[in-house]
Amino acid sequence: MSATVGSRDYSLPAEHDLWRLVLQTRLNGTGSMVCTNEYGQVLPSFGSSSLFVDLRPTREQVAATSEPAAREELAGLLTLPVDRKVRSLAAALSLNKSQLARILRVSRPTVYSWLQGTEPGPANLERLHELLTILGGASVSGAKPLNTRFVRHRSRIDEPSILESLSEETLASARIIDALKKARELETAAARRRSEREERLRSRGFEEPDAARRREQLATNMALKPWPR
């Protein structure tokens, strides 16, 4: 049995449990699906959806996605219904509804109407496609979202944040793509430093505290804070 998503074909044995879940969800029109490492190599990136939860590690997805694959993903994304495009845009940049409305240069009610399936006008649709094309140029997507910290905050005091750049009436595509790529590099470097630090601590005998220990430490830290004057 096989399925086509966008322009990609995926084949699995007919008895595979994955197909049972897919068909059950499609026939019932309800329920949800969870993607974990087990299906990481056979399922594509689905972006943002209330019926699909993608738990595959982001680092593995980033490493597995090539530039041609990113272009192919973008081409497929531009043919999706408008609500899927809007959700994918929000997921790629970790945006809330207000920020999403800001970069689309529309009101929050308009964003909600699009999410309900209302078709935008030609100018708004062109804006949406331009934003998605910029993200595709930097290989940023719902499957490879950018941490909101790098989207909202400026990397340098004399440069606008990515959110500010995406909110401009006229989008400087080349500059924004370059900023997105630099943000991805910073994110990757931060993750690598964090991983190395955790590995050093483990090698010295430190153990990751459990939830109960974290609550205890938080309570102690709060108790030691000076009272406001």
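Where does arginine 105 lie? In this predicted model, arginine 105 sits in the loop that runs between α5 (97-104) and α6 (108-115). Its phi is positive, about 60°, although the residue is not a glycine. Most residues other than glycine have a negative phi. Arginine 105 has a relative accessibility of 45% and therefore counts as partly exposed.

Serine 139 also has a positive phi, here about 55°, and is likewise not a glycine. Serine 139 is placed in the loop between α7 (122-137) and α8 (148-152). Its relative accessibility is 11%, so serine 139 counts as buried. The cut-off for buried is under 20% relative accessible area.

The loop between α7 and α8 also holds leucine 146. Leucine 146 is buried because its relative accessibility is 0%. Leucine 146 and leucine 180 are 34 residues apart along the chain, and their C-alpha atoms are separated by 8.3 Å. A second pair separated in sequence involves helix α6, where tyrosine 112 is located. Tyrosine 112 and aspartate 83 stand 29 residues apart in sequence. In space, the C-alpha to C-alpha distance of this pair is 9.1 Å. Tyrosine 112 counts as partly exposed, at 36% relative accessibility.

Two side chains make polar contacts with backbone oxygens. The first belongs to serine 88, in helix α4 (residues 82-93). A polar atom of the serine 88 side chain lies 2.9 Å from the backbone oxygen of arginine 84. Serine 88 has 7% relative accessibility and so counts as buried. The second side chain is that of arginine 127, a residue of helix α7. Arginine 127 is buried, yet it has no salt bridge. Which side chain of opposite charge is nearest to arginine 127? That side chain is glutamate 130, at 5.4 Å. The cut-off for a salt bridge is 4 Å between a side-chain nitrogen of Lys or Arg and a carboxyl oxygen of Asp or Glu. The arginine 127 side chain does reach a backbone atom: the oxygen of glutamate 168, at 2.9 Å.

Glutamate 168 also takes part in a salt bridge, with arginine 175 as its partner. The closest N and O atoms of this pair are 3.2 Å apart. Glutamate 168 is partly exposed, with 27% relative accessible area. Arginine 175 is also partly exposed, at 38%. Glutamate 168 thus appears in two contacts: its backbone oxygen is reached by arginine 127, and it forms a salt bridge with arginine 175.

How many salt bridges does the structure hold? The total is eight. One of them joins glutamate 199 to arginine 202, with the closest N and O atoms 3.0 Å apart. Both residues belong to helix α10, where they are three residues apart, about one turn of the helix. Glutamate 199 has a relative accessible area of 46% and is therefore partly exposed. Arginine 202, at 48% relative accessibility, counts as partly exposed too. Elsewhere, salt bridges that share partners join Arg156, Asp158 and Glu159 into one network. Within this network, glutamate 159 forms a salt bridge with arginine 156, and their closest N and O atoms are 3.7 Å apart. Glutamate 159 is partly exposed, at 31% relative accessible area. Arginine 156 is partly exposed as well, at 46%.

Positive charge also gathers on the surface. Which residues make up this patch? They are Arg149, Arg192, Arg193, Arg194, Arg197, Arg200 and Arg204. Helix α10 (residues 173-203) gives the most to the patch, with five residues. Arginine 194 is a member of the patch, and its place is in helix α10. Its relative accessibility is 37%, so arginine 194 counts as partly exposed. Patch membership calls for over 30% relative accessible area and no salt bridge. Helix α10 therefore carries arginines of the positive patch as well as the salt-bridged pair of glutamate 199 and arginine 202.

Definitions and conventions
Residues are numbered from 1 along each chain as its sequence is written. This is a predicted model: local features need pLDDT of at least 70, side-chain atom pairs count only at pLDDT 80 or more; totals for chains, interfaces and linings use all residues. Side-chain values use heavy atoms; hydrogens and water are left out. Patches are made of residues with over 30% relative accessible area and no salt bridge: like charges are joined within 9 Å, nonpolar side chains (Val, Leu, Ile, Met, Phe, Trp, Tyr) within 5 Å. Accessible areas come from the Shrake-Rupley method with a 1.4 Å probe; for residues, only the protein chains shown count as cover. Lys and Arg count as positive and Asp and Glu as negative; His and the chain ends are not counted. The place of a charge is taken as NZ of Lys, CZ of Arg, CG of Asp or CD of Glu. Helices (H or I, at least four residues) and strands (E, at least two) are DSSP runs, numbered from the N terminus. Buried means under 20% relative accessible area, exposed over 50%, partly exposed in between (1.4 Å probe, protein chains only). A polar contact is a pair of N or O atoms within 3.5 Å; within protein, one must be able to donate a hydrogen and the other to accept it, and residues adjacent in sequence count only if both atoms are side-chain atoms.
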